[in-house]
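Trainee: Please take a close look at one pocket and its lining, and then follow the strands and the enclosed space in the rest of the fold.

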Amino acid sequence: MSIVKTLHNFSKDDFIVTAVEPWFKVKVQVIQDYFQAFLAETTGRVDEIVLVDFFAGSGFYAIGHQKEIVPMPSLLGFRQDPPFSKIILREPEPEAAKALRVRVNKYYRGRNAVIFEEGVEDLIDKLKLYIPPSKKNYKVATLCLLDPFSINFQFSAIEKLAEMGYSFLVPYTMMLNSRSDYRYYQKEKREELKCFIGPNESSVMAANNNTEFYKKLVRAHQHNMLSLGLSVSLSAHKLESKYMDMPMFYVGLFSKQVSAKTVARDVKESMEQQIELF
């Protein structure tokens, strides 16, 4: 299912939208491909498949002075076939959360979904109540989408979620250009950067340019995810952006429940088919 095919039922409204560059359509498509591949790997093997989006946004991106509305992953999660059995969305900004509630209710009324505005730690506590743990005769697969377009997610939170048996989809995207460069993160955002990466951040702190910084950040984070006992895969995607001045961006999948490499292979095949159709 391409992003183009998902647009015809969505329409502009009077609520907040998030203005983004055109390349976000690529990122949204990649995320959707991962959704489909994860669902394909887990459907029939578990009793319940849950999506948790920790940075759900308002539900709509706007490209080109709001001329083109593109649904965020928080809305596209409802359009998957086979479907997620439950979707949990977190959006801490009140105006965006209000818009998200209206849009979910408009387009997906009756679906098994809940929206929270709590902080990350409070949400983790609530997830224990909303998502049943896997047992011998009842299996649950949970995919956490971590897409803040920043380094605003602490590795300590991932450790807690990993202990709960969850899987993770992480698009490694952030402001990284001549103004917010590697030195800005190493100095001004040093503590936040250390909290995001987790242990062994020294190589990232020693990077000497944006490209080296980005690759070492992804590599260090991937290594720490591997240390949690998660299977790991990375995919690279072309990027044309003035805010993230890099030739490509990475997306990581980390899981104990599925083979991350199998899912990444399925995503690659899906992307190749899309190129052939185009």
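Mentor: The lining of the second largest pocket has 13 nonpolar, 5 polar and 4 charged residues (Ala, Val, Leu, Ile, Met, Phe, Trp, Tyr, Cys and Pro count as nonpolar, Asp, Glu, Lys and Arg as charged, the others, Gly among them, as polar). The model is predicted, so local features need pLDDT of at least 70 and side-chain atom pairs pLDDT 80 or more, while totals for chains, interfaces and linings use all residues. Residues are numbered from 1 along each chain as its sequence is written, and side-chain values use heavy atoms, with hydrogens and water left out.

In total, 22 residues line the second largest pocket, and F55, G57, Y61, M72 and D147 are the ones that lie nearest its centre. A pocket is an open set of points on a 1 Å grid over the protein atoms alone, with protein on both sides within 12 Å along at least five of seven lines; a cavity is a set where a 1.4 Å probe fits but cannot get out, and lining residues have an atom within 4 Å of a point. The volume of this pocket is about 320 Å³ (the space filled by probe spheres set on the points, which are joined across faces, edges and corners). Three elements each supply at least two residues of its lining: strand β1 (18-20), helix α2 (24-42) and helix α3 (73-76). Strands (E, at least two residues) and helices (H or I, at least four) are DSSP runs, numbered from the N terminus.

Strand β1 also belongs to an open sheet of 3 strands, in the order β1-β3-β4 and with mixed pairing (two strands pair if DSSP finds at least two bridges between them). Its edges are β1 and β4 (68-71), each of which pairs on one side only. Strand β3, residues 60-63, runs antiparallel to β4 and is joined to it by 4 bridges; within this pair, A62 stands opposite I69 of β4.

Elsewhere, strand β5 (residues 86-90) pairs in the parallel sense with strand β6 (residues 113-116) over 4 bridges, and V114 in β6 is the bridge partner of I88. Between β5 and β6 the chain passes through helix α4 (residues 94-108), giving a right-handed β-α-β crossover (with the strands pointing away from the viewer, the path from the first strand over the helix to the second runs clockwise).

Strand β7 (residues 140-145) is largely enclosed by the rest of the structure, because 6 of its 6 residues are buried (under 20% relative accessible area, against over 50% for exposed and in between for partly exposed, with a 1.4 Å probe and protein chains only). In a regular strand the side chains alternate between the two faces of the sheet. In β7, V140, T142 and C144 are buried on one side, and A141, L143 and L145 on the other.

Strand β2 (residues 48-53) pairs with β7 in the parallel sense over 6 bridges, and D53 stands opposite L145 in β7. β7 also pairs in the parallel sense with β8, over 3 bridges, and F168 of β8 is the bridge partner of C144. The connection from β7 to β8 runs through helix α6 (residues 155-163) and is a right-handed β-α-β crossover.

Strand β8 (residues 167-172) leads to the enclosed space: with 3 residues it gives the largest share of the lining of the largest cavity. A search of the whole structure finds 1 cavity of 30 Å³ or more. The largest cavity holds about 70 Å³ of space. Its lining includes L146, P148, F153, V170, Y172 and H221. By class this lining has 9 nonpolar and 3 polar residues, and no charged ones.
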